[in-house]
Amino acid sequence: MPPAAGGSVLPEGAPTAKPATGSGMWEDAFRRLRRNPAAIAGAVIVGLFVLVAILAPLLAPYGGNDLPGRTEITPTSIPGPGDIDGYPLGLDRFGGDVLSKLIWGARASLIIGVVSTALGLLGGMLLGVIAGGLGGWVDSVIMRFVDILLSVPNLLLAVSIAALMGQSSMAIMIAIGVSQVPIFARLLRSSMISQRSADYILSAQTLGLSRRTITMSHLLPNSTGPLIVQATLTLATAVIDAAALSFLGLGGGLPQTAEWGRMLTYAQAELAVAPQLAFLPGICIAITALGFTLLGESLREALDPKTRRK
């Protein structure tokens, strides 16, 4: 029977201590998020936003383009909240139900935000994987192209692309997505470069694995954490950018289309008589962006190696 530490002898049959097997990175991050009030608040806001967007047909009293109160509108008066039964938040200048438009606007903003972020993420990952995996002159060429895109402000680049493509929701999605590509590309490339000297990469090289196998099976899966955090934060920016492009008239569609940015556009002329038409969609945009920001920042802190063990 071998002596235990300190010269003592372990009794025969006594259970031996098992080595600590620390929880995975994502499990640990989730546990930290559950204890973070900011993360909980952000998750609640985002959850409500997604729920309203999904259940819009059931929650909205009228369709997004319906004008049930058009006979109630006069040149000098727009019924506000509580002025007419059946319209709790009043009517807009076209006679549409404001509550219904806010609910349908959540769906439009969610679709634009998710699709544009997905496009930016996919494009950025493609460039980042090629640059970080191949290196050399390929890395230099791609990064110089990314630097050119980064030199142009995101919103200005998105406005330019949307204006060239024409006024439509798809143009806004592509424009916002392209403006996000350089952010994801540089982030993934930096993450992959920082992983190159890790022990598991050196072990894979020693075993003779090909560069493609090492990049796709080892480097890429272990470099996506920062991308997930950035995608969450980018969703907040995408919602704001979508509203801004619609406000500038680049979203296409009918004037009465339910979209928060478009609602802001046509509320400018009515600020004196119906200021709520601008305040309500503005508040929705701000709260939604706040929710994604709180959740993204909390996720970043939870995944940060400097704070993960605290």
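In the predicted model, helix 5 and helix 7 (residues 169-195) pack with their axes 9 Å apart and at an angle of about 140°. The two helices are therefore oblique to each other. The crossing in which helix 5 passes helix 7 is left-handed. On the side of helix 5, the residues that take part are D139, M143, V146, D147, L149 and L150, and they meet P182, I183, A185, R186 and R189 of helix 7. Sorted by character, the residues of this contact comprise seven nonpolar and four charged, with no polar residue among them.

Charged residues of this contact also appear in salt bridges. Side chains of opposite charge can pair when their charged atoms come close. The count of salt bridges in the model comes to five. One of them is formed by the side chains of R189 and D139, with an N to O distance of 2.8 Å. This pair links distant parts of the chain, since R189 belongs to helix 7 and D139 to helix 5, and the two are 50 residues apart. R189 has a relative accessibility of 19% and counts as buried, because the cut-off for a buried residue is under 20%. D139 is buried as well, its relative accessible area being 9%.

A salt bridge also connects helix 7 to helix 5 through R186 and D147, whose closest N and O atoms are 2.3 Å apart. R186 lies in helix 7 and D147 in helix 5, so this pair ties together parts that are 39 residues apart in sequence. R186 is partly exposed, with a relative accessible area of 27%. D147, at 28% relative accessibility, likewise counts as partly exposed.

D147 has a further partner within helix 5. The side chains of R144 and D147 meet in a salt bridge with an N to O distance of 3.0 Å. R144 and D147 are three residues apart in helix 5, so about one helical turn separates them. The relative accessible area of R144 is 45%, and this residue is partly exposed. Through shared partners, the salt bridges of R144, D147 and R186 join these residues into one network.

I183, which also lies in helix 7, is one of the residues that helix 7 brings to the contact with helix 5. With a relative accessible area of 27%, I183 is partly exposed. When neighbours within four places in sequence are left aside, I183 is in contact with L150, N154 and Q230. L150 is one of the helix 5 residues in the contact between helix 5 and helix 7. The C-alpha atoms of I183 and G120 are 8.5 Å apart in space, while the two residues are 63 residues apart in sequence.

Helix 5 packs against helix 4 too. Helix 4 (residues 98-134) and helix 5 (residues 136-150) have axes 7 Å apart and pack at an angle of about 145°. Helix 4 passes helix 5 in a left-handed crossing. The contact involves L127, I130, A131 and L134 from helix 4, together with G136, V138, D139, I142, M143, F145 and V146 from helix 5. Nine of the residues in this contact are nonpolar, one is polar and one is charged. D139, M143 and V146 of helix 5 take part in the contact with helix 4 and also in the contact with helix 7.

Elsewhere in the chain, Q276 is found in helix 12 (residues 276-303). Q276 is buried, with a relative accessible area of 15%. Residues up to four places away in sequence not being counted, Q276 touches P79, G80, P81 and P281.

Over the whole protein chain, the secondary structure comes to 13 helices and zero strands. The order of elements from the N terminus on is accordingly a run of α elements. The protein chain has 310 residues, of which 42% count as buried. Among contacts in the protein chain with a separation of 6 or more, 70% are accounted for by residues 24 or more positions apart.

Methods
Residues are numbered from 1 along each chain as its sequence is written. This is a predicted model: local features need pLDDT of at least 70, side-chain atom pairs count only at pLDDT 80 or more; totals for chains, interfaces and linings use all residues. Side-chain values use heavy atoms; hydrogens and water are left out. Axes are lines fitted to C-alpha atoms, for helices over the stretch in contact, and angles run from 0 to 180 degrees between N-to-C directions. Helices (H or I, at least four residues) and strands (E, at least two) are DSSP runs, numbered from the N terminus. A crossing is left-handed if the near helix is turned anticlockwise from the far one by less than a right angle, and right-handed if clockwise. Contact means heavy atoms within 4.5 Å. Ala, Val, Leu, Ile, Met, Phe, Trp, Tyr, Cys and Pro count as nonpolar, Asp, Glu, Lys and Arg as charged, and the others, Gly among them, as polar. Angles under 35 degrees count as roughly parallel, over 145 as roughly antiparallel, 65 to 115 as roughly perpendicular and the rest as oblique. A salt bridge is a side-chain nitrogen of Lys or Arg within 4 Å of a carboxyl oxygen of Asp or Glu. Buried means under 20% relative accessible area, exposed over 50%, partly exposed in between (1.4 Å probe, protein chains only).
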